Structure formats: structure tokens, C-alpha cells
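Please look over the sequence and the model shown here before reading on. The report after it goes from the whole chain to single elements and residues.

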Amino acid sequence: MNNQRLQTKFKKKKKKSNIFIFILLFVGITIFVVSKILTRIVNKEISLHQEITINEGNWITDFYKNIWNFDAISFKTYLKDNNINLDNIKPWKYTFSWNYSKTQLIEMFRNWPNDNDITLRLLEWWNIYNYDQALSYKGYISTWDYIAFVQNPEIIAKYKSKYQFLAKSWDITTLEGFLYPDTYIIAKNKDLIDQLVYLQLENFNTRVREKYKDELINLPNKLKDNGYRELNFYQIITLASIIEKEEWNPQNKPIIAGIFLNRLKAWRRLDADVSLCYWLKMSYLDCTKTVIAENIDDKTNKYNTRKVKWIPPSPIWNPTADTFEWLINFKKTEYMFYLHNKDGIIEPSVTNQEHSEKKYEELKN
């Protein structure tokens with residue numbers, strides 16, 4: 001009897017012990033998960049694509065009211081945990097155009113503005129002709145100076161020795177495609193173009209090459225495995241630059257990428273009119289439908305992808321990181337054609353007849 005009582009008592013103690021251990025494990029796991037989540041929130045980059053005006057003595061209100069609540073909390077937490085004081089931020093109109101780490105934001109606030117600096121905002125969809133046009137219009141350079149610099153064989157050779165993404169055997173005659181669009185702070189007392197090109201290439205290296213390094217290396221095999229023609233890295237840059245200008249809606253870009261890959265496989269042509277004007281050395285603002293129509297039959301134009309097979313000799317724009325992500329994650333379909341309806345929604349087609357019918361219906365509306 002005593003043994004039975006002892007066994008019962010032991011079982012109860014063991015049960016309580018197991019429950020206690022379970023509670024400890026549950027609490028421990030919960031604390032671990034919560035700490036991980038909080039760490040990710042604190043370390044998360046802050047996405048800013050806007051101008052924020054900081055007024056005298058009111059930087060906290062002016063900055064935090066322009067960002068997402070969780071971003072504001074994480075930034076405040078980061079400042080407090082690292083004992084960082086930003087009370088002396090200068091009043092100014094700060095221009096942001098990407099995703100920033102906490103340290104990057106702090107550095108920007110501490111270094112901006114500077115009377116010896118100028119801010120250059122280079123937009124998406126711009127190529128070297130747009131860059132040159134914008135810089136010369138503002139009086140920072142003479143016309144064609146920027147273009148001459150990025151096409152200079154000595155400059156290209158210098159950067160080939162520095163960056164792995166350029167240090168291949170391809171016969172690159174321009175840095176087009178690697179000159180990342182963004183907002184840059186340039187010192188007035190130094191060579192503007194030299195500074196700018198260096199910062200653009202650094203930006204490309206960080207936002208594209210390093211971020212998508214493995215995916216870009218594996219993309220040729222991925223294309224081969226999916227039955228497409230293989231592309232080398234420079235051809236991938238060139239295709240991304242065409243997708244950048246052909247499609248503004250990010251959700252459509254994987255479909256457009258798949259259609260271009262289908263065309264290369266079936267026709268060995270891209271049939272992308274947007275590339276034609278690059279041969280004419282003009283900015284995209286000057287590349288109107290009339291200009292395209294007047295030059296559409298020119299077989300000597302190496303960027304006329306309706307007449308010249310395969311990929312153009314070089315990129316035609318400087319694609320952003322998002323476009324590379326969509327190209328890497330291209331959508332495999334049977335589509336060969338597409339158009340945009342009046343609402344900007346993509347209308348893909350498998351056959352030319354289907355495409356023509358959709359085009360006819362769109363013209364009627």
C-alpha cells in the first residue's frame with residue numbers, strides 16, 4: 001500500500017515537473033522568437049522615396065511623421081540603444097530615394113547639408129544621354145562630357161580592374177547599364193563626373209551585383225533548364241535594361257521577361273522598339289513614336305531589334321535592382337506578344353492573330 005502511495009506521489013511530482021519544464025521551454029522559445037522579431041524590426045532597412053523637409057529645432061516630428069510607424073519605432077530604438085544624439089540635425093530639404101539602413105540614415109543626417117556639396121537626382125529610365133542632358137542643362141558640365149567619360153576606354157579599363165562585374169573578357173565600350181540611378185551628394189571642389197561615376201558603380205555593386213550575386217550566376221543554368229537560350233552576364237544586363245523601359249509596372253515585369261525569353265528562343269529577336277533610339281544617341285524624352293516609325297526599317301541600326309537578331313551590343317538604360325529581381329524570377333508562359341490597354345493593364349497573347357485582334361479592340365475603345 002505504501003509503495004502504491006509512493007508511486008502515485010512520484011507520478012504527480014513527475015507530472016508537475018514535466019509541466020514546469022514545458023512552461024519553461026515555452027517561455028524560453030517565446031522570448032527567443034520575440035527577441036528575433038524585435039531584432040529584425042530594429043535592423044530592418046527603412047524605405048524612403050520622398051523629400052522630407054526638416055525645420056529648425058523640430059527634426060523628430062518632421063522626420064517621423066513621414067515614415068511608417070514601425071520604422072519610426074525601430075529608428076528611435078536604435079538611437080536609444082546606441083546612445084546616438086541627432087538633436088543638431090540641420091534644417092534642410094532631405095531627398096531620399098531608396099532603402100536605407102539605420103547607420104546610412106544617421107550618416108546622411110550628420111553630413112547633409114554641406115555648403116560644398118551639391119545634390120544630383122538621377123531618375124529611373126535614364127540612360128547616359130539623359131544623364132548628360134540633365135547635368136549640362138544645370139550647368140554642371142558641358143554637353144557630351146559625361147558621355148565621353150563613360151565611353152572612354154581608359155576609364156573603362158580602370159574600372160574593369162576594380163569591379164568583378166566588369167572584369168570579364170566582354171568588349172565593353174560603355175559603362176551604360178552599370179550607372180545606377182539614385183540621388184547622389186557630390187563635392188563641388190572635386191571632379192563632378194569622376195565622383196558621380198564612381199558612386200554609381202559602387203551603388204550597382206552593392207544593390208545589384210552583391211545582392212543578387214548567386215541568382216545572377218545561376219541564371220544562365222536556370223534559363224537552360226527551362227529550355228531557353230543561355231545569356232551571359234552582360235547580355236542579362238542588356239535585357240534587364242530593355243525590360244526597365246518597356247514596362248513600368250513591377251507586377252508585369254516577370255511576364256515581359258518571359259515573353260522576351262520566348263522571342264529569343266523562337267525568333268532570336270526581341271522586337272522591342274524602345275531600344276531603337278539608342279543608336280540615334282538621344283534621350284528617351286526625344287524618342288517619340290514618330291522617330292521610331294521613321295527608323296523602324298533601318299537594318300544598319302544595331303539596336304533595331306526588329307531587324308537585327310539576338311541581343312543589342314550594350315544596355316540601353318541603367319536598370320534598377322527591382323528589374324533584376326523580376327528578370328531572375330521570370331514567369332514562364334507561352335506568350336509571344338503583349339500590349340497595354342487604356343488602363344495600363346498588360347494584355348498578353350500567344351499568337352500574332354490573337355495579338356492583332358486585341359490591338360483592334362483596343363483601338364476601337
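What follows describes the chain as a whole, then its strands and helices, and then some single residues.

This is a predicted model, in which local features need pLDDT of at least 70 and side-chain atom pairs count only at pLDDT 80 or more, while totals for chains, interfaces and linings use all residues. Residues are numbered from 1 along each chain as its sequence is written, and side-chain values use heavy atoms, with hydrogens and water left out.

**The chain as a whole**

The chain holds 14 helices and 6 strands, where helices (H or I, at least four residues) and strands (E, at least two) are DSSP runs numbered from the N terminus. Of its 365 residues, 45% count as buried, a word that stands for under 20% relative accessible area, with exposed meaning over 50% and partly exposed in between (1.4 Å probe, protein chains only). The chain exposes about 21,000 Å², of which carbon and sulfur atoms supply 51%; such accessible areas come from the Shrake-Rupley method with a 1.4 Å probe, and for residues only the protein chains shown count as cover. When contacts (heavy atoms within 4.5 Å) are taken between residues at least 6 apart in sequence, 66% of them join residues at least 24 apart.

**Strands β3 and β4**

In a regular strand the side chains alternate between the two faces of the sheet. Strand β3, residues 117-121, shows this alternation, for Ile118 and Leu120 point to one face and are buried, while Asp117, Thr119 and Arg121 point to the other and are not. Strand β3 runs antiparallel to strand β4, residues 183-187, and 5 bridges join the two, where two strands are said to pair if DSSP finds at least two bridges between them. Across this pairing Ile118 stands opposite Ile186, and Asp117 stands opposite Ala187. Strand β4 has 4 of its 5 residues buried, so it is largely enclosed by the rest of the structure.

**Helix α5 and its cover**

Helix α5, residues 128-137, is mostly covered, with 7 of its 10 residues buried. Those buried residues are Ile128, Tyr129, Asn130, Tyr131, Asp132, Leu135 and Ser136, and what covers them includes β3, α6 (145-150) and α8.

**Helices α9 and α13**

Two packed helices are described by the angle between their axes and the distance between the axes. Helix α9 (residues 213-225) packs against helix α13 (residues 321-328) at an angle of about 35°, and their axes are 10 Å apart; axes are lines fitted to C-alpha atoms, for helices over the stretch in contact, and angles run from 0 to 180 degrees between N-to-C directions. The crossing of α9 past α13 is left-handed, a term used if the near helix is turned anticlockwise from the far one by less than a right angle, with right-handed used if clockwise. From α9, Glu215, Leu216, Leu219 and Lys222 meet Phe324, Leu327 and Ile328 of α13. The residues of this contact divide into 5 nonpolar, no polar and 2 charged, where Ala, Val, Leu, Ile, Met, Phe, Trp, Tyr, Cys and Pro count as nonpolar, Asp, Glu, Lys and Arg as charged, and the others, Gly among them, as polar.

**Buried residues in helices**

The table lists three residues with their helices and relative accessible areas.

| Residue | Helix | Relative accessible area |
|---|---|---|
| Thr238 | α10 (residues 233-246) | 1%, buried |
| Met108 | α4 (residues 102-111) | 14%, buried |
| Asn205 | α8 (residues 192-210) | 18%, buried |

Leaving aside neighbours within four places in sequence, Thr238 is in contact with Ile311, Pro312, Ser314 and Pro315, and Asn205, counted in that way, is in contact with Tyr163, Phe165 and Glu210. The C-alpha atom of Met108 is separated by 9.6 Å from that of Ile185, although these residues are 77 apart along the chain.

**Positive phi values in loops**

Most residues other than glycine have a negative phi, and most peptide bonds are trans. Asn83, which is not a glycine, has a positive phi of about 55°; Asn83 lies in the loop between α3 (69-81) and β2 (92-100) and is exposed, with a relative accessible area of 72%. Lys281 also has a positive phi, near 55°, and is found in the loop between α11 (253-266) and α12 (289-295), where Lys281 is partly exposed at a relative accessible area of 48%.
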